[in-house]
Amino acid sequence: MSNLTEQFKRSFAIAEKNIKIYYSKGPVILFGLVFPLFLALAYVVGRNVSLKEVLPGLISMTVFFTATSVGPSIVPWETRSKTLERLLCCPVALWTIMVGDILSSFLFGLVISVIPLALTLVLGIQPLNFIMLLLGLTIANLCFAALSVLLSAYPPTDIPATSMMLSSLVKFPLVFISGVFIPVEQLPQWGTAIASISPPTYFTDMVRRLFIDAGFYPLTLDFLALIAFTAAFAFAAIKLHEKTLAKRLS
Amino acid sequence: MDLAVEVRGLTKRYGDITAVDRVSFETKRGEIFGFLGPNGAGKTTTIRMLTGLIKPDDGKAFVAGYDVLKNPVEVKQRIGVVPEVSNAYVDLTAWENLALIGKLYGVPSQKLRENATSLLKEFGLHQVKDKLVRAFSKGMKQRLLLCMALVNDPEVLFLDEPTSGLDVESARLLREKITRYNKEGKTVFLSTHNMEEANQLCHRIAIINHGQIAAVDTPENLRAQSMELQYIEVAFNKIVNTQEFSENPSIAKTVPAGNKVRIYTADPATVIAFLAEYAKKNDLRILSLNTMMPSLEDVFLKLIRGKEAIVQ
């Protein structure tokens with residue numbers, strides 16, 4: 001047990017290092033800040049809907065893109081600079097490094113998601129349950145951060161741009177099918193089925209429920225789905241990175 | 001026997017290629033153990049297996065008393081590594097690099113501050129501790145890597161070509177530090193291309209070639225095992241016909257080397273007497289005569305390429 005605690009402490013040291021190094025990298029700023037901002041503007045400007053209606057999708061999109069912006073680049077960057085080898089020479093398990101990477105992605109998403117949240121409060125739009133919303137933001141950020149680290153596992157490239165580009169190929173379809181643009185309850189049956197495989201669906205649905213009391217799934221299911229996705233992504237990320245590690249080090 | 005590293009039949013294959021082939025050797029606690037071999041011989045692969053970076057396909061390895069396969073984290077906790085490629089974080093300062101590594105080894109914060117300060121001072125980096133490593137010269141980066149390898153006060157230090165590509169002053173400084181830390185009780189596992197470095201620093205040397213261990217012994221014993229590689233270099237005042245030399249049973253081979261003749265022999269005293277007699281008989285003057293012991297490089301090349309390659 002103490003060994004587990006010690007490994008978690010070391011995950012925090014890795015997350016701290018990631019924050020110092022990767023938050024200021026160009027692709028992270030581009031995909032984590034600039035891109036969601038422009039996407040949000042494109043989503044809001046010119047639409048004849050109330051801000052309250054637009055907000056759930058806006059928050060969901062921002063959280064999804066910011067929380068997935070750091071993760072895909074860390075491992076390729078560290079492979080290229082051989083610092084991954086440096087980390088693996090230290091007494092840390094591979095999962096310790098992955099948890100550190102997830103934590104740094106999570107914190108980036110969490111801090112940036114304060115912006116749209118603050119905006120809603122400034123505009124006088126109150127959520128029905130603020131604590132639930134914070135809890136939802138936290139679990140959603142964790143889920144998307146785990147997904148981002150999973151996206152960096154394959155292919156085992158040492159080119160961050162390749163990883164970023166390939167992760168975008170997964171991220172965009174996930175957003176488009178998630179009910180960000182059209183609420184899930186307005187989708188046809190096949191649309192609902194497709195939306196159910198996308199993690200942002202449950203977060204968007206949760207935010208809609210908490211702001212306008214409209215949603216397709218029960219709030220508990222939204223939470224459970226996000227927790228299940230988080231566990232699955234984190235587990236898959238560790239296993240896939242384990243599998244591709246030898247190739248990265250060769 | 002108190003062993004720091006124990007390797008038994010260690011094997012690593014990449015597809016059809018066997019990079020390390022049933023390698024076995026031991027490193028005693030407190031010694032500097034040299035690991036020599038040409039490029040692609042399997043040195044780095046062996047070090048990577050011993051430091052828990054990659055898993056062997058076969059065999060066993062124990063470092064600091066722990067099984068590398070079964071207890072990789074315990075092994076890593078007790079070792080310090082300077083890898084072949086400089087891999088400090090260039091976007092962090094020297095201090096931040098040391099702090100990160102210290103935290104990853106679980107060094108308590110007060111102890112970490114003391115260790116980091118003392119190491120940075122010792123390696124002449126304290127003045128630049130808050131500068132990004134990106135701005136460091138190669139020598140400074142290499143010194144920082146050694147600091148990072150020492151910050152957890154390891155029992156065994158694995159150094160993969162630590163002085164490769166360094167200027168003379170930096171290389172000498174690192175060698176001095178390696179010797180110092182060894183005298184303080186640390187076991188050093190040193191992979192190097194530099195024969196003189198291995199000769200100067202190592203208590204024992206393993207020579208690896210094509211993934212197999214060719215020899216393990218002290219530098220002196222390795223040289224002594226290759227006495228057929230010792231030679232006498234003689235220069236006469238006239239060009240001589242070396243045909244007559246080959247009739248002498250004590251002479252293994254003669255090789256012209258510029259205006260000198262290199263005579264390979266296991267019995268230099270008899271050959272010197274023969275050369276003096278030969279000069280007197282043929283009215284020649286000996287301008288110079290040197291007995292040359294085989295260098296570690298000769299031994300290395302003999303083991304890698306065979307005796308004939310050296311003599312030629």
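# Exercises on a two-chain predicted model

In this model, 20 residues of chain B are in contact with 19 residues of chain A. The model is a predicted one. Take the exercises below at your own pace, with the structure open beside you.

## Exercise 1: The side of chain B that touches chain A

Find which elements of chain B give two or more residues to the side that touches chain A, and sort that side by residue class.

*Solution.*
- Step 1. Start with the elements: helix H2 (72-77) and helix H3 (94-104) of chain B each give two or more residues to this side.
- Step 2. Now look for the largest share, which comes from H3(B) with 5 residues.
- Step 3. Sorting by class gives 12 nonpolar, 4 polar and 4 charged residues on the side of chain B that touches chain A.

## Exercise 2: Two partners of one helix

Helix H12 (residues 219-249) of chain A packs with helix H6 (residues 94-112) of chain A, and the axis of H12(A) also crosses that of helix H8 (residues 130-151) of chain A. Describe each crossing, then list the residues that meet.

*Solution.*
- Step 1. Two numbers are needed, since packed helices are described by the angle between their axes and the distance between the axes.
- Step 2. For H6(A) and H12(A), the angle is about 125° and the axes are 10 Å apart. Angles under 35 degrees count as roughly parallel, over 145 as roughly antiparallel and 65 to 115 as roughly perpendicular, with the rest oblique. H6(A) and H12(A) are therefore oblique to each other, and their crossing is right-handed.
- Step 3. On the H6(A) side you will find A:Leu94, A:Trp95, A:Met98 and A:Ile102; they meet A:Ala234, A:Ala237, A:Ile238, A:His241, A:Glu242 and A:Leu245 of H12(A). By class, this contact has 8 nonpolar, 1 polar and 1 charged residues.
- Step 4. Turn to H8(A) and H12(A), whose axes come within 8 Å and cross at roughly 25°. That makes H8(A) roughly parallel to H12(A). Here the crossing is left-handed.
- Step 5. The residues of H8(A) that meet H12(A) include A:Ile139, A:Leu142, A:Cys143 and A:Leu150, while those on the H12(A) side include A:Phe223, A:Phe229, A:Thr230 and A:Phe233. The contact of H8(A) with H12(A) divides into 17 nonpolar, 1 polar and no charged residues.
- Step 6. A:Ala234 and A:Ala237 are worth marking: both appear in the contact with H6(A), and both appear in the contact with H8(A).

## Exercise 3: Following strands from S1 of chain B

Starting from strand S1 (residues 3-14) of chain B, trace the pairing to S2(B), to S4(B) and on to S5(B).

*Solution.*
- Step 1. S1(B) pairs with strand S2 (residues 17-28) of chain B in the antiparallel sense over 8 bridges. B:Tyr14 stands opposite B:Ile17 in S2(B).
- Step 2. Between these strands the hairpin has 2 residues, and B:Gly15 takes a positive phi near 65° there.
- Step 3. S1(B) also pairs with strand S4 (residues 58-63) of chain B, in the antiparallel sense and over 5 bridges. In S4(B), B:Asp58 is the bridge partner of B:Thr11, and B:Phe62 is that of B:Glu6.
- Step 4. From S4(B), move on to strand S5 (residues 66-67) of chain B, an antiparallel partner over 2 bridges. B:Phe62 has B:Asp67 as its bridge partner in S5(B).
- Step 5. The hairpin of S4(B) and S5(B) has 2 residues between the strands, with B:Ala64 at a positive phi near 50°.

## Exercise 4: Domains and an open sheet

Chain B is divided into two parts, domain 1 (3-218) and domain 2 (231-292). How many Å separate their centres, and which strands stand at the edges of the sheet S12-S13-S11-S14?

*Solution.*
- Step 1. Taken over C-alpha atoms, the centres of domain 1 and domain 2 of chain B are separated by 46 Å.
- Step 2. The sheet of chain B is open, with 4 strands in the order S12-S13-S11-S14 and antiparallel pairing.
- Step 3. Strand S12 (251-257) and strand S14 (286-292) of chain B each have a single partner strand, so they stand at the edges with one side left without a neighbour in the sheet. From one strand to the next, the twist averages 20°.
- Step 4. Strand S11 (residues 231-236) of chain B and S14(B) pair over 6 bridges, and B:Tyr231 stands opposite B:Met292 in S14(B).

Notes
Residues are numbered from 1 along each chain as its sequence is written. Chains are lettered from A and ligands numbered from 1 in the order in which they are written. This is a predicted model: local features need pLDDT of at least 70, side-chain atom pairs count only at pLDDT 80 or more; totals for chains, interfaces and linings use all residues. Axes are lines fitted to C-alpha atoms, for helices over the stretch in contact, and angles run from 0 to 180 degrees between N-to-C directions. A crossing is left-handed if the near helix is turned anticlockwise from the far one by less than a right angle, and right-handed if clockwise. Two residues are in contact if their C-beta atoms, placed from the backbone, lie within 7 Å. Ala, Val, Leu, Ile, Met, Phe, Trp, Tyr, Cys and Pro count as nonpolar, Asp, Glu, Lys and Arg as charged, and the others, Gly among them, as polar. Two strands pair if DSSP finds at least two bridges between them. Domain bounds come from an automatic or database domain assignment.
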